[in-house]
Structure formats: C-alpha cells, structure tokens
Amino acid sequence: MDFELKPLTPARLCAEKCDALIVLVAGDAVTGSDPVSVMAAMAIKAGDFESKAGKLLSAYRAPGITATRVLLAGAGDGSQKSVRTAVQAAMAALKTTNVRRVLLSLLALPTPGPQIVRAAVVACADAGYTYSTTKSKPAEQKLQRVVVGVSALAASKPGFDKAVGLCKGLALTREWANRPANHATPTLLAQAAKELGKLPRLRVEVLGPKEVAKLGMGSFMAVAQGSEQPLRFIVLRYDGGAKAEAPVVLIGKGITFDTGGISIKPAAEMDEMKYDMGGAASVLGTFRALAELQPALNVVGLIPACENMPDGRAIKPGDVVTSMSGQTIEILNTDAEGRLVLCDALTYAERFKPRAVVDIATLTGACVIALGGVRSGLFSSNDALAQSLAAAGDSSLDLCWRMPLDDEYADGLKTHFADVANVAGRAGGAITAAKFLQRFAGKFAWAHLDIAGTAWKSGAAKGATGRPVPLLVDFLLAQVQPVKAVRKASTASRSAKAKPRSRA
Ligand code: BES
Ligand code: MN
Ligand code: ZN
C-alpha cells in the first residue's frame with residue numbers, strides 16, 4: 001500500500017478525486033461551509049451521526065463532493081486511541097467494496113500532531129494487510145493508495161514519515177510470524193535476516209551449529225538437538241550512532257515451532273506454536289523500521305532460532321546441560337524451551353557492552369492468563385529501563401504492564417542436580433520464567449517482554465499482530481540523544497540512498 005501526505009483545505013478536499021473519502025470527525029461542533037462540513041453538521045443535528053469513536057455514516061456520490069463515496073467517521077475526542085478506532089471502523093466498512101484509492105482527512109481534528117498522524121497511518125496499513133504467501137493465488141489487494149489530507153504539511157510530515165517506516169517493519173513482522181513453520185524454518189528466517197542486511201547501515205551475520213558449539217551455547221543446542229532442521233543464531237547490527245557508542249541489544253525468541261518436545265503439548269491449537277518465533281519476527285521488523293528511519297544510535301539484534309521437537313535425540317526431562325555462562329541447567333520440562341535458547345543469547349550479548357538489553361519472547365502461557373491479549377508483560381530490575389519501555393508502550397498504543405521480580409519467585413527454580421532448574425511450579429509462571437532469565441542478565445541493564453498474549457490473535461481473526469514493534473521502535477527512537485538528532489538529519493538523506501520513503 002502506498003501512502004502520501006497532502007496539504008488540503010476543506011474546499012480542496014471536496015474536489016479531490018478518490019474512490020472513498022474518509023473524514024474523521026472529532027466533537028459534535030462541526031463548522032465550515034464546504035459540502036463535507038455541511039453534511040456532517042446536518043447529520044449530527046438530525047441525530048443520524050455522532051462523533052463517538054467508531055460511529056460511521058456513509059454517502060454515495062454526494063452533491064458537491066468529487067469522491068465516489070464519503071465516510072464520516074466519528075473520532076471521539078480526537079485522541080490517538082479514538083483516531084485508531086475511527087480508522088479501523090472506516091477501513092472495515094470499505095473492506096467489501098472495490099475501493100482502490102482512499103483519501104483520509106485529518107482536517108477536522110483539533111490537534112493532528114505526529115502521534116495522531118501515525119495512529120491513522122498505522123491503522124490504515126494494518127487494515128490493508130492480508131496474508132497470502134502460502135495461498136495458491138495471491139489475495140486480491142484492492143486498496144492501493146491512501147492519501148492523508150492535513151491542513152499543515154510541515155507539522156504532520158515527521159509523524160507521517162515515522163509511521164510509514166514503522167508500517168514496513170510491522171508488515172515484515174506479521175508476514176514472518178504468520179508463515180507456517182515449514183515455510184519459516186531457522187534457515188529461512190536467517191535468509192530473511194540476510195536480505196535485511198542489504199539495507200542502509202545494516203549488517204547481518206548468521207552462525208550455524210558449528211559456530212554455536214564453539215561458543216559453548218549448550219543450552220540453545222540442547223533445544224535444537226531434537227530437530228532435523230539445523231539451528232541458526234542470527235546477529236543483526238544497525239550502526240547509526242558513533243562507533244564507540246554502546247548499543248541497545250534486542251533478543252528475539254526464535255522457536256520456529258514449539259511442539260513442547262518430549263514434554264509434548266496437547267494437540268488442540270498446537271498449530272499456533274508456529275507463532276513461537278514472534279519475538280524473532282519483531283526483532284526483524286524493528287530492524288526493517290530502523291533502516292527506514294535511520295536514527296542516530298547503534299542497535300544489535302540477536303535471534304536464537306530452532307525448532308523444539310520430540311525425537312530419539314531430543315532432550316529428556318531431567319537432562320542437565322551447561323549454558324554458555326557456565327551455569328548448569330536441569331531441564332525438568334522440555335516445553336520450557338524459550339528460556340533455554342534465550343539464556344545463551346543473553347550471555348552472548350555481554351560482548352557488546354550494551355547500554356541495555358531487551359529480550360522479546362512468546363514465553364509463557366501464564367502471561368496470557370495474567371494479562372490477556374491487551375498488554376505484554378514487562379519485567380525489569382532496572383527502573384529507568386522499565387519506565388522507558390512502559391512509556392514507549394503508552395506513546396505507541398502498544399501497551400505493556402510491569403510485573404514483579406522479587407527474589408522469592410526464584411525459590412522454585414532450585415534443584416539438587418544443577419545450578420538451576422528450567423521450571424518452577426505453576427504459580428506465577430510468567431514471573432518464574434523471567435527470574436530464570438534474570439540469572440543470565442547480571443552484567444547489563446535488562447528487560448524482558450513476554451508477548452505470548454499479544455503477538456498474535458486466535459480464533460476467527462487468527463493472525464500475527466506485529467506487536468511489539470511499535471513499542472520497540474518508539475523505545476529506540478527515544479534513546480537517540482538530542483545532540484545526535486541533529487547529525488541524523490544531515491546523514492539520513494545521504495545514507496538512505498534517495499529511496500522513495502513514502503511508500504509502504
Ligand atoms: N511457547 C510457549 C508459551 C506459550 C504457550 C505462548 C501458549 C503462547 C501460548 C512456551 O515455550 C511454553 O511452552 N511455556 C510453558 C512453560 C511451562 C512448561 C513452565 C507454558 O507456558 O506452558
Ligand atoms: Mn514451549
Ligand atoms: Zn515456546
């Protein structure tokens with residue numbers, strides 16, 4: 001889908017050619033003498049339309065308006081959230097039509113700042129996405145182009161560009177997360193990362209079983225040993241900052257399929273465990289967005305990718321393995337494999353002397369029970385880091401909620417047979433998982449995002465959400481030092497190779 005930002009007056013809006021004109025209406029006091037404003041004011045007065053977020057009124061070939069269809073969309077108080085609801089409702093209403101070109105008007109919003117513009121663009125792109133990779137015929141994509149109409153171009157441009165960059169990342173994340181496990185093996189995931197390595201300021205290195213063995217990643221290797229698919233350890237680097245500047249490290253859980261291993265999962269809904277590389281997909285998508293946005297900072301992405309399978313060679317409950325950190329782990333449940341691949345990635349992260357490390361993982365069913373699909377679980381022993389991540393979640397409408405890490409939660413991980421066990425009891429399962437990871441994250445500021453409830457939707461709307469890419473992108477952009485931001489403005493245009501930046 002292509003996006004364009006266009007400065008318009010109410011009169012010009014009515015004269016624009018398009019298949020559908022979506023007009024966001026915030027508040028019930030509509031003024032203006034142009035045909036769209038008059039229509040809105042009359043409809044509100046007659047009680048046929050209200051500006052409550054999500055309310056719609058549609059018209060066909062309305063007099064004085066060039067657009068074939070007009071959709072008045074209530075945008076409530078004009079907040080980010082209301083704008084998202086409004087665009088979602090309008091796009092859903094257009095889904096069954098033949099609309100190719102949409103004009104989305106933000107002219108009537110009280111403060112169409114960067115976050116509002118972004119909410120509108122992201123909601124459009126979201127509605128326009130359809131998965132088709134493993135269909136015999138590609139899904140017919142009718143909607144081609146969205147023009148966002150604003151009154152002042154300069155004020156909206158930064159938010160718009162940011163949104164379009166973010167959308168590219170979101171689409172990549174959704175695409176890879178949605179792919180079935182036989183179309184998204186560790187090898188294929190690594191190839192996708194390699195492709196990203198061609199983008200400006202990005203480098204990608206892929207380690208295989210030999211290199212990983214040499215590093216001593218005994219815990220990661222233990223998970224992979226039950227699968228015919230060879231593991232991959234993917235290292236992405238985005239170098240936007242000064243060479244000496246400490247990077248932020250993102251670690252994504254890349255279990256391309258989680259059967260549970262010998263501690264095998266029940267059959268019902270096991271297919272959804274293709275999404276167990278949602279953390280990895282979010283790291284790939286975040287790097288895709290970084291390549292677009294070119295912020296002045298250094299970021300490292302680490303993805304331990306493998307399958308968790310039952311097999312004659314698979315790990316068994318009770319097996320003890322030695323992690324890269326030297327700590328031994330008793331694997332009491334082979335289905336608690338995410339922490340086993342992440343712990344070695346955390347140890348590997350030490351070599352970057354990172355400013356902060358954030359791991360992202362579809363880690364526990366317990367987190368789904370605790371927070372559902374609304375907020376991701378946020379765990380951190382570092383208050384400043386936790387606050388930055390929570391703030392990024394709020395500003396991007398990609399919410400998370402901080403969970404506790406009291407030491408008592410680690411009691412259940414004690415065992416007679418190794419330094420630590422990989423599971424505790426059922427109680428507080430999301431927290432005990434985080435406590436396990438924390439043992440490997442002592443050398444840097446660390447946070448963990450459990451996205452088990454938020455990375456995908458089940459049921460009729462089954463599909464990847466792209467979360468927490470919006471959160472991660474906002475978090476990273478907030479890490480750019482103000483002084484460096486000036487440098488960014490001068491280098492971004494050079495290194496982005498004059499690629500068209502307004503297409504998504
Ligand atoms: N990938 C799963 C977590 C998961 C389960 C995410 C369901 C989303 C929906 C993870 O590897 C896992 O199996 N965790 C176990 C841990 C348990 C054995 C301590 C779980 O949550 O049941
Ligand atoms: Mn598992
Ligand atoms: Zn898993």
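A residue counts as buried when its relative accessible area is under 20%, and this cut-off serves as the starting point for a walk through what is a predicted model. By that criterion, 5 of the 6 residues of strand β4, which covers residues 69–74, are buried, so the strand is largely enclosed by the rest of the structure. Strand β4 has partners of two kinds: strand β2 (residues 20–25) runs parallel to β4 and is joined to it by 6 bridges, whereas strand β3 (residues 56–60) runs antiparallel to β4 and is joined to it by 5 bridges. Individual residues can be used to find these pairings in the model, since L21 stands opposite V70 in β4, and L56 has A73 of β4 as its bridge partner.

From these strands one can step back to the division of the protein chain, which comprises domain 1, made up of 2–131 together with 142–150, and domain 2, spanning 169–484. The centres of the two domains, taken over C-alpha atoms, are separated by 38 Å, and where domain 1 and domain 2 meet, 9 residues of domain 1 are in contact with 11 residues of domain 2. The size of an interface is often given as the accessible area lost when the parts come together. For domain 1 and domain 2 this buried area is about 890 Å², with 48% of it on carbon and sulfur atoms. On the domain 1 side, R118, Y129 and Y131 supply 56% of the area buried against domain 2, which is more than any other three residues.

The metal ions come next, beginning with the zinc ion (ligand 3), which is coordinated at 2.0 to 2.4 Å by K253 through NZ, by D258 and D276 through OD, and by E337 through OE. The angles among the 6 donor atoms of the zinc ion range from 79 to 175°, and the site is octahedral. In sequence, the donor residues of the zinc ion follow the spacing K-x4-D-x17-D-x60-E. K253 lies in the loop between β9 (248–252) and β10 (254–258), while D276 lies in the loop between β10 and α9 (278–293), so the pair ties together parts that are 23 residues apart in sequence. Both K253 and D276 are buried.

A manganese ion (ligand 2) lies 3.2 Å from the zinc ion (ligand 3), and D258 bridges the two. The protein donors of the manganese ion are the OD of D258, both the O and the OD of D335, and the OE of E337, at 2.0 to 2.2 Å. Here the 6 donor atoms subtend angles of 71 to 167°, which makes the arrangement around the manganese ion irregular. The donor residues of the manganese ion are spaced D-x76-D-x1-E in sequence. Of these residues, D335 is partly exposed, with a relative accessible area of 22%, whereas E337, at 1% relative accessibility, counts as buried.

One further element completes the tour, namely an open sheet of 3 strands in the order β12-β13-β17, with mixed pairing. Its edge strands are β12 (319–322) and β17 (420–421), each of which pairs on one side only. Strand β13 (residues 328–331) pairs with β17 in the parallel sense over 2 bridges, and E330 has A421 in β17 as its bridge partner.

Note on methods
Residues are numbered from 1 along each chain as its sequence is written. Chains are lettered from A and ligands numbered from 1 in the order in which they are written. This is a predicted model: local features need pLDDT of at least 70, side-chain atom pairs count only at pLDDT 80 or more; totals for chains, interfaces and linings use all residues. Side-chain values use heavy atoms; hydrogens and water are left out. Donors are N, O and S atoms within 2.8 Å of the metal (3.2 Å for Na, K and Ca); water is not among the atoms, so sites may look incomplete. Four donors count as tetrahedral if all angles lie between 85 and 135 degrees; four count as square planar and six as octahedral if opposite donors are over 155 degrees apart and all others between 65 and 115; anything else is irregular. Helices (H or I, at least four residues) and strands (E, at least two) are DSSP runs, numbered from the N terminus. Buried means under 20% relative accessible area, exposed over 50%, partly exposed in between (1.4 Å probe, protein chains only). Two strands pair if DSSP finds at least two bridges between them. Domain bounds come from an automatic or database domain assignment. Contact means heavy atoms within 4.5 Å. Buried area is the accessible area (1.4 Å probe) that two parts lose on being put together, summed over both.
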